[in-house]
Amino acid sequence: MSTRRELVLGVLAFLLPFSGGCGFLEFRSQPLGLRDGIVYYVDGAGGGPRSGWSQGVRQGLTAAKFSGELRFFGWQSGRGLLVDQVIATEEKRARAVRLAHELTGARAANPDLTISIIALSAGTAVTAFALEALPAGIEVDQVVFLSGSLSQDYDLAPALQHIRGKLTCFTSRADLVLGVGARAIGTADREIGGTSIGLRGVKPTQRTSPEALPLFREKVANVGWRPEFLIASDFGRHTDRVNPDFIQLFVAPALWPDVSQETRVRLRAPNLRKVAGTALRP
């Protein structure tokens with residue numbers, strides 16, 4: 001009985017924070033110019049190019065003065081977020097191959113262009129599988145994982161070999177979707193009861209070879225929730241990281257470390273007022 005109760009609570013925790021959504025085929029935004037390169041966004045289970053999460057990413061990058069091309073990669077089934085989450089790992093890998101082909105073609109056509117990836121929730125698993133599938137010598141520049149539902153026991157060393165810069169993993173131990181939901185119904189790579197990287201970050205596993213350990217020290221940046229995130233309306237919940245303010249203030253700096261301080265300062269005051277107003281509201 002307790003097992004059934006935990007499963008029901010897990011499904012509810014996974015479903016309640018989300019609004020509806022359906023799967024979409026791969027979709028590209030209209031090119032805005034390539035001065036700042038290409039950013040791929042890999043949405044979570046149940047998402048797609050027209051989801052609120054995707055639009056939050058678009059709005060946040062626009063506010064951060066991104067003038068490059070934002071491309072949405074759709075891997076979802078079209079049958080809802082719960083089905084997307086529990087799709088077999090092999091199926092997710094098959095869909096990730098399409099993303100690997102897209103990244104390979106983009107790099108071949110633009111060898112000197114910055115190519116980066118933002119992934120949310122189950123999209124982190126698809127992104128990891130796609131990076132693994134890249135040919136030798138093909139790299140992306142930066143990768144940002146938001147609320148990742150990939151298991152912490154998954155060895156990301158093969159994926160890290162295809163990242164030129166950093167893998168920045170934003171985490172929150174207050175994320176009930178991962179702490180309750182994903183534990184009950186399984187992580188995106190189908191680990192029941194496993195701890196997601198979105199809770200505690202990316203770390204070497206027992207399967208990581210000693211030769212690959214430097215990859216984690218050099219290329220992984222785990223960023224836990226901190227009070228500063230309140231200025232971007234991030235309270236540690238599962239999809240707080242795809243609101244436009246968080247994308248602008250904290251994700252954009254991870255993609256382009258040399259730009260962004262101006263945007264942080266510019267939004268700090270109005271966001272503090274907004275957060276204070278929310279806190280004081282009865």
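This section describes the overall make-up of a predicted protein model and then turns to its salt bridges, its aromatic rings, one of its helices and a few residues in its loops.

The secondary structure of the predicted model comprises eleven helices and seven strands. Of the 282 residues in the protein, 56% count as buried, and the accessible surface comes to about 12500 Å², with 57% of that surface belonging to carbon and sulfur atoms. When the contacts with a separation of 6 or more are considered, residues 24 or more positions apart account for 76% of them. Several of the pairs described below illustrate how parts of the chain that are distant in sequence are brought together, among them Arg107 with Asp141 and Tyr41 with Phe72.

Ten salt bridges are counted in the model. One of them joins Arg107 to Asp141, where the closest N and O atoms are 2.9 Å apart. This pair links distant parts of the chain, since Arg107 belongs to helix 4 (residues 89-109), while Asp141 is found in the loop between helix 5 (123-133) and strand 5 (142-146), 34 residues apart. Both partners, Arg107 and Asp141, are buried. Asp141 also forms a salt bridge with Arg164, and here the closest N and O atoms are 3.2 Å apart. This second pair again links distant parts of the chain, with Asp141 in the loop between helix 5 and strand 5 and Arg164 in the loop between helix 6 (157-160) and strand 6 (167-171), 23 residues apart. The two partners do not fall into one class of exposure: Asp141 has a relative accessible area of 11% and therefore counts as buried, being under the 20% limit, whereas Arg164 has a relative accessible area of 42%, which lies between 20% and 50%, so that Arg164 counts as partly exposed. Together with Glu139, the residues Arg107, Asp141 and Arg164 are linked in a network of salt bridges.

Another salt bridge is formed by Arg226 and Glu228, whose closest N and O atoms are 3.1 Å apart. Arg226 counts as partly exposed because its relative accessibility is 32%, and Glu228, with a relative accessible area of 28%, is partly exposed as well.

Aromatic rings form eight pairs in the model. In one of these pairs, the ring centres of Tyr41 and Phe72 are 6.2 Å apart and the ring planes stand at 90°, so the arrangement is edge-to-face. The pair connects distant parts of the chain, given that Tyr41 lies in strand 2 (residues 38-42) and Phe72 in strand 3 (residues 69-73), 31 residues apart. Tyr41 and Phe72 are both buried. Elsewhere, ring pairs link Phe170, Phe229, Phe246 and Phe250 into a cluster. A ring may also be accompanied by a charged side chain, as with Arg93, which lies over the face of Phe129 at 4.2 Å from the ring centre.

Two members of the aromatic cluster, Phe246 and Phe250, are also among the buried residues of helix 10. This helix, which spans residues 244-255, is mostly covered, with eleven of its twelve residues buried. The buried residues include Asp245, Gln248 and Pro253 as well as Ile247, Leu249 and Val251. At the start of helix 10, a side-chain oxygen of Asn243 reaches to within 3.0 Å of the backbone nitrogen of Asp245.

Some residues in the loops also deserve a description. Most residues other than glycine have a negative phi. Ser147, although not a glycine, has a positive phi of about 50°. Ser147 is placed in the loop between strand 5 and helix 6, and its relative accessible area of 2% is the reason why Ser147 counts as buried. Ser233, which is likewise not a glycine, has a positive phi of about 60° and lies in the loop between strand 7 (220-224) and helix 10. In a further loop, the one between helix 4 and strand 4 (115-120), Leu113 is found, and with a relative accessible area of 16% Leu113 is buried. Leu113 and Val140 are separated by 27 residues in sequence, while their C-alpha atoms are 9.5 Å apart in space.

Methods:
Residues are numbered from 1 along each chain as its sequence is written. This is a predicted model: local features need pLDDT of at least 70, side-chain atom pairs count only at pLDDT 80 or more; totals for chains, interfaces and linings use all residues. Side-chain values use heavy atoms; hydrogens and water are left out. Rings of Phe, Tyr and Trp (its six-membered ring) pair if their centres lie within 6.5 Å; planes under 30 degrees apart count as stacked, over 60 as edge-to-face and the rest as tilted. Helices (H or I, at least four residues) and strands (E, at least two) are DSSP runs, numbered from the N terminus. Buried means under 20% relative accessible area, exposed over 50%, partly exposed in between (1.4 Å probe, protein chains only). A charge sits over a ring if NZ of Lys or CZ of Arg is within 6 Å of the ring centre and within 35 degrees of the ring normal. A polar contact is a pair of N or O atoms within 3.5 Å; within protein, one must be able to donate a hydrogen and the other to accept it, and residues adjacent in sequence count only if both atoms are side-chain atoms. A salt bridge is a side-chain nitrogen of Lys or Arg within 4 Å of a carboxyl oxygen of Asp or Glu. Contact means heavy atoms within 4.5 Å. Accessible areas come from the Shrake-Rupley method with a 1.4 Å probe; for residues, only the protein chains shown count as cover.
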